[in-house]
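Trainee: Could you take me closely through one part of this model, and explain how its strands are put together and what surrounds them?

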Amino acid sequence: MEAAAAVDRRWMAMALGLGARGLGQVWPNPAVGCVIVRNGRVLGRGWTQPGGRPHAETEALAQAGSAARGATAYVTLEPCAHHGKTPPCAEALVAAGIARVVTALTDPDPRVDGGGHAILRHAGVAVTTGVLEAEARRANEGFLRLMTEGRPHLTLKLASSVDGRIATATGESQWITGPAARRAVHAMRARHDAVLVGAGTARADDPSLTVRGLGVSHQPVRIVASRHVDLSTESRLFRAIGDAPVWICHGVDAVSERTATWKARGARMVEVPVDRGRQLDPVQLLRALGAAGLTRVFCEGGGTLAASLLNAGVVDELVTFIAGMGLGAEGQPGLGAMGIDRLAEAPRFVLDGVGGVGADVVAHWRPVRQSVVNSA
C-alpha cells in the first residue's frame, strides 16, 4: 500500500509541474495538469491551454489515444462535470476507457463540487482523491480563492533598501535592487493574471508593467488603481495600450472626460466603491477584479495602495526584495500611513522562504491567518 501511495505521489507531482505551465495564462479557469500512465509508462501529458481551453485532460487523452483504455489518469483538480464550450472532462475520461482516476483536490466550483468524481464512480471508474492535496491547494490557490471568496489571490511585492526606503528624498528609485532581482520580478509577473499598481506609482515611475527579457508569449493584464483617473495620456501605459490589456479601477466620482479618454483608447474601466478614507475600497477592488475573472494578481505598490491592502487583510502572499544600501530617514518609505498605534494592530506575516538573488535578498512571507490554518 505504501509503495502504491508513493507511485501516486510521484505521478501527481509530475501533473502539478505540468499545471504550473498555465499560471498567468488560463484565467478564469484553474491551471490544471494531467498525466495518463499505465504500467509505469507515460501515455499522455497535458495542461490547461491559454485562455482556459482545451483542458488538461483533453490534451492528455489526445496524446494517449486508444492506449488510454485501462490506464490511470492523474489530475491535479477534480475533472469538470458541466457542459460548456466542451463536454465534461469526467465524461471524456469515461469514454476513453480510463480505469482509474487519481485527483488532488475536489473542485469547489458549484458546477462541479464532487460531480466529476460522481460521474466517474457511477461509470465504474476507480477514484482516489487527496493525493498531494496541500501542494495542489497551494498551486491552485488563486482559483480556489476566487471560488470561495469571490476575489483573486493577491501577492504584494515590496522592494526597498535595508532601512525600508523605496526612493531617495528627491524621488530617485531606479534602481535600488539589481538586475537579477528585476528579472525575478518579471518572472513573477508572468505567473500572474494581472499586475496592479497605484496611481502614484503610475505617475512617478511611468511603468510599462509588461514581462520583458524572458521570451514569454503572453502578457498580464495591467491595472492601475486611480480613484480620479488622474493619469497622464503621455504615459507608456496609454501610448502602448495595444501591447497588453490595461484596466483602470476608478471611483464613481472620477471625471467623466478622463474615463472616456482612456476607454476610447482601449482601456477597460472598472468602477470601485470608495471607503471611509475616501480611497478605493481595497476589498471591493479585489471583488471587482474577481468578478472579471482574475484569479492571481501581483501588486507592485506604491506605498499608499500597499498600506491599504495590508490594513484590509487581503494580502495573501508578501514578497520582499532587500538591497544592501541605506537611504536614511529622509528617503521615501515603502509603505504609506497605516494608522497603527499598537504592535498588536499590525498585520503579521511568517517567513515562508528566503534566498539570495544576485546581490539582493528575496523573502517570501505568508500572513499569520493563513499559516495557522495551513498548519492545522
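Mentor: Val 102 of strand S4 stands opposite Thr 128 in strand S5. Helices (H or I, at least four residues) and strands (E, at least two) are DSSP runs, numbered from the N terminus, and two strands pair if DSSP finds at least two bridges between them. The model is predicted, so local features need pLDDT of at least 70 and side-chain atom pairs count only at pLDDT 80 or more, whereas totals for chains, interfaces and linings use all residues. Residues are numbered from 1 along each chain as its sequence is written, and side-chain values use heavy atoms, with hydrogens and water left out.

The pairing of S4 with S5 is parallel and comprises three bridges. Between these two strands the chain passes through helix H4 (residues 115–122), in a right-handed β-α-β crossover; right-handed means that, with the strands pointing away from the viewer, the path from the first strand over the helix to the second runs clockwise. S4 is also joined in parallel to S3, through four bridges, and there Val 75 stands opposite Thr 103.

These strands belong to an open sheet of five, with mixed pairing and the order S2-S1-S3-S4-S5. Strands S2 (41–47) and S5 (126–128) form its edges; each has a single partner strand, so one side of each is left without a neighbour in the sheet. On average, neighbouring strands are turned by 15 degrees against each other, direction ignored. At the S2 edge, strand S1 (residues 33–38) runs antiparallel to S2, with six bridges between them, and Cys 34 stands opposite Gly 46. Helix H2 (residues 56–64) lies across S1, S2 and S3 (72–75), at about 145 degrees to S2. Such angles run from 0 to 180 degrees between N-to-C directions, with axes fitted as lines to C-alpha atoms, for helices over the stretch in contact.

Val 101 shows how S4 is surrounded. Leaving aside residues up to four places away in sequence, Val 101 touches (heavy atoms within 4.5 Å) Ala 73, Val 75, Pro 79, Leu 93, Leu 120, Val 125, Ala 126, Val 127 and Thr 128. Val 101 is also, with Met 12, Ile 36 and Ile 98, among the residues that touch the most other members of the largest nonpolar core, which has 37 residues. Such a core is a set of buried Ala, Val, Leu, Ile, Met, Phe, Trp, Tyr and Cys residues joined through side-chain atoms within 4.5 Å. At least two of its residues come from each of helix H1 (2–19), S1, H2, S3, helix H3 (89–95), S4 (100–103) and helix H6 (141–149), and H1 supplies the largest share, five residues. A second, separate core has 31 residues, including Ala 194, Ala 225, Leu 285 and Leu 309.

Finally, Cys 34 of S1 is buried, with a relative accessible area of 0%; buried means under 20%, exposed over 50% and partly exposed in between, with a 1.4 Å probe and protein chains only. The closest cysteine sulfur to that of Cys 34 lies 8.6 Å away, in Cys 89, too far for a bond. The structure holds zero disulfides, a disulfide being a pair of cysteine sulfur atoms within 2.5 Å.
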